[in-house]
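Please read the following account with the sequence and the coordinates open beside it. It moves from the contact between chains to the sheet, and then to the packing of helices.

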Protein chains: 2
Amino acid sequence: MSLKTAAALVIGNEILSGKIEEENLVVLARALRPLGVRLQRVIIVEDVIDEIVRAVRELSAAYDLVVTSGGVGPTHDDVTVEAVGQAFSAPVVSHPHLEAMIRGHYGSRCTDGHLRMALVPSGASLETTKDVAWPTIRMRNVWLLPGVPEIFRLKLEVLKENFGRAGPAFVTRAVYTQMDEGHLRPLLDAVVAQFPDVEVGSYPKWHHDSYKTKLTFDGQEAQRVKAACEAFVALLPDGEPQDFSE
Amino acid sequence: MSLKTAAALVIGNEILSGKIEEENLVVLARALRPLGVRLQRVIIVEDVIDEIVRAVRELSAAYDLVVTSGGVGPTHDDVTVEAVGQAFSAPVVSHPHLEAMIRGHYGSRCTDGHLRMALVPSGASLETTKDVAWPTIRMRNVWLLPGVPEIFRLKLEVLKENFGRAGPAFVTRAVYTQMDEGHLRPLLDAVVAQFPDVEVGSYPKWHHDSYKTKLTFDGQEAQRVKAACEAFVALLPDGEPQDFSE
C-alpha cells in the first residue's frame, strides 16, 4: 500500500493578521486525498525570508511533496521565490521562457515589476498542462503556488496532473450519534485496537439538533474502512446510530 | 512601543485531511491585534504526540504566547494534554478541582472517558473569568483551547481577559486601486523605504469589478499608519485611488 506525504507552507502577513481568511489549505487537503497523498504538516509564516527558508528546508527534507501558497507576485512583500532559492542555495535568475511570456503579455506596458515574475531559483522547472499554459514554478519537491485562491485552484490542477496518483485514494465513512464522547470512548478504543490501519476520528458538535458526535473512519483500503465502521456500529446500543454517510 | 508575539498550534487529522475546515485561526488572529499581540507563526499537525511535543517546544521557546487548538476531548485521538505535558517533562495528573466539576456535571453517568478531561500537565494553571467558569488549561505560556469553534471562541475570551493588553492596538488602513502590482511596485517601494515601521501589503484581486489591487497599511502608531497611507495616495496618478477605508 503505497503512500506519499505532503506538507504545505502558507506565506503571508495578511493571513497571520486575520486581514484575509486562509482559503487554500482545505482545497489542497481535499485535492491530495484522491491521489493517495497525505497532508501531514502545515506551517504559516510571515513574509520574512529567513522564516520561509527555515520552513522550506524543514518541510522539503521531511515530506515527498511541499506546496507553498503566497508571496509570488511582483511587490516588496513577495519574497517566496528568493527564499526558496536560498533554501536550496540556488541563485535567483530570470527564466528566458517566463520573461518572454511576460513581455508578450504586457507589451509596451511591461515594467521591472512585471519582470520580477520571471525570476526563479536556478534549477527550477516550469510545470504546465494542456489547459494551463502559464507555468507553475517547481524547485525539486517544492511547488510554488500563488496565494490568490482562484489562481491557487487553477495551479493545483497542474500539480495534480503532473504529480499523479501516489497510491489508492483515501476513502472515508461517517456515523452520527446522540452519544457523547465520554460514553463513546470504550467503543472507539475497541475499534481502534482491532483496526490499526483505519484512522478513527471523533468530532463532537455543540448545539446541533440531529447529532452529538460524528465518528469518521478513513483509510486507503475501502474494505477495511467499511469493516471498521460496521464493527463500531455493532457496538452501539439499540437506537443508535442516527445516520450514516459514505 | 511594546509588542508581544504569539504562535498557534492547530492539532487534528480532520483539518489536514480537509474533513473539517479550520475556523479558529482567523478568529485568533483578529482577537490578538487589539491587544497589541502579533501572531507570527502557525503550525498544523496530526494527532501524533511526538509531532505535537516538537511543535510545542519550538513555539513555546520562541514566542510570548502559544495557543493550541484541538485534541482536548476524552477520546483516543485527543492527545494534546499528554503531549504538552511531555513537551515540558511534566507528568499528566488528574486535577482535583476539574475532577470535582466533571463529577458534579455528569453525576451517576460519569465515565472514565469523562474523567480524562480532568487530566492536566503537572504544574498547569486553570484560567477562568467571571463569565466563563469552566476552566481553560494553561501550561506556562501555552494555552490549551478546544478545536470546536463555538468553544474556542468562548475560551478565547478567557485568554484575552487574563493575558491583557501587551501594547497599542494594531491599526490598519486600506486603499483600493485599478493599477496592477507591476505598476504599483515603485510607488510601494518608496513608501516602504520612508515608513519602515509601517507594514505595507499589496493584494491583487482577480475578476473583481471595482478594483484590481488592495493596498494595506498596518502598524501600532496610528499617526504613522495614516502618514504612510497618505504618502502612497500622493504618489498615485490622477484618477486613483478608487476608494479608502479605515
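Two residues are taken to be in contact if their C-beta atoms, placed from the backbone, lie within 7 Å. On that basis, in what is a predicted model, the contact between the chains takes 51 residues from chain A and 51 residues from chain B. On the side of chain A that touches chain B, the elements giving two or more residues are helix 1 (13-16), helix 2, strand 2 (37-45), helix 6 (112-116), helix 7, helix 8 (181-194), strand 10 (199-204) and strand 11 (213-219) of chain A. Helix 8 of chain A supplies the largest share of this side, eight residues. By class, the residues of the side of chain A that touches chain B comprise 19 nonpolar, 17 polar and 15 charged.

The domain division of chain A gives a frame for these elements. Domain 1 of chain A covers 4-163 and domain 2 of chain A covers 171-245, and the C-alpha centres of these two domains lie 37 Å apart.

Which strands of the two chains pair with each other, and in what sense? Strand 2 of chain A and strand 2 (residues 37-45) of chain B pair in the antiparallel sense, over five bridges, and within strand 2 of chain B it is V45(B) that stands opposite R41(A). In general, strands of a sheet pair through backbone hydrogen bonds, either parallel or antiparallel. The pairing of the two strands 2 belongs to an open sheet of twelve strands with mixed pairing, whose order is 6(A)-7(A)-8(A)-3(A)-1(A)-2(A)-2(B)-1(B)-3(B)-8(B)-7(B)-6(B). The edges of this sheet are formed by strand 6 (125-127) of chain A and strand 6 (125-127) of chain B, each of which pairs on one side only, and from one strand to the next the twist averages 25 degrees. At the edge in chain B, strand 6 of chain B pairs with strand 7 (residues 136-139) of chain B in the antiparallel sense over three bridges, with E127(B) standing opposite T136(B) in strand 7 of chain B.

In chain A, helix 7 lies across strand 3 (65-69), strand 6, strand 7 (136-139) and strand 8 (142-145), and runs at about 155 degrees to strand 8 of chain A. Helix 7 (residues 149-163) of chain A also packs with helix 2 (residues 24-32) of chain A, their axes coming within 10 Å and crossing at roughly 20 degrees. Because angles under 35 degrees count as roughly parallel, helix 2 of chain A and helix 7 of chain A are roughly parallel to each other, and their crossing is right-handed. From helix 2 of chain A, N24(A), V27(A), L28(A) and A31(A) meet P149(A), F152(A), R153(A), L156(A) and K160(A) of helix 7 of chain A; six of the residues of this contact are nonpolar, one is polar and two are charged.

A second helix pair can be followed in chain B, where the axes of helix 3 (residues 49-62) and helix 4 (residues 80-87) come within 8 Å and cross at roughly 55 degrees, which makes helix 3 of chain B oblique to helix 4 of chain B. The crossing of helix 3 of chain B and helix 4 of chain B is right-handed. Here I49(B), I52(B), V53(B), V56(B), R57(B) and S60(B) of helix 3 of chain B meet T80(B), E82(B), A83(B), V84(B), Q86(B) and A87(B) of helix 4 of chain B, a contact with seven nonpolar, three polar and two charged residues.

Key. Residues numbered from 1 in each chain as written. Chains lettered and ligands numbered in written order. Predicted model: local features only at pLDDT ≥ 70, side-chain atom pairs only at ≥ 80, totals over all residues. Domains from an automatic or database assignment. Axes fitted to C-alpha atoms, helices over the stretch in contact; angles between N-to-C directions. Helix = DSSP H or I, 4+ residues; strand = E, 2+ residues; numbered from the N terminus. Parallel < 35°, antiparallel > 145°, perpendicular 65-115°, else oblique. Left-handed = near helix turned anticlockwise from the far one by under 90°. Nonpolar A, V, L, I, M, F, W, Y, C, P; charged D, E, K, R; others polar. Pairing = 2+ DSSP bridges.
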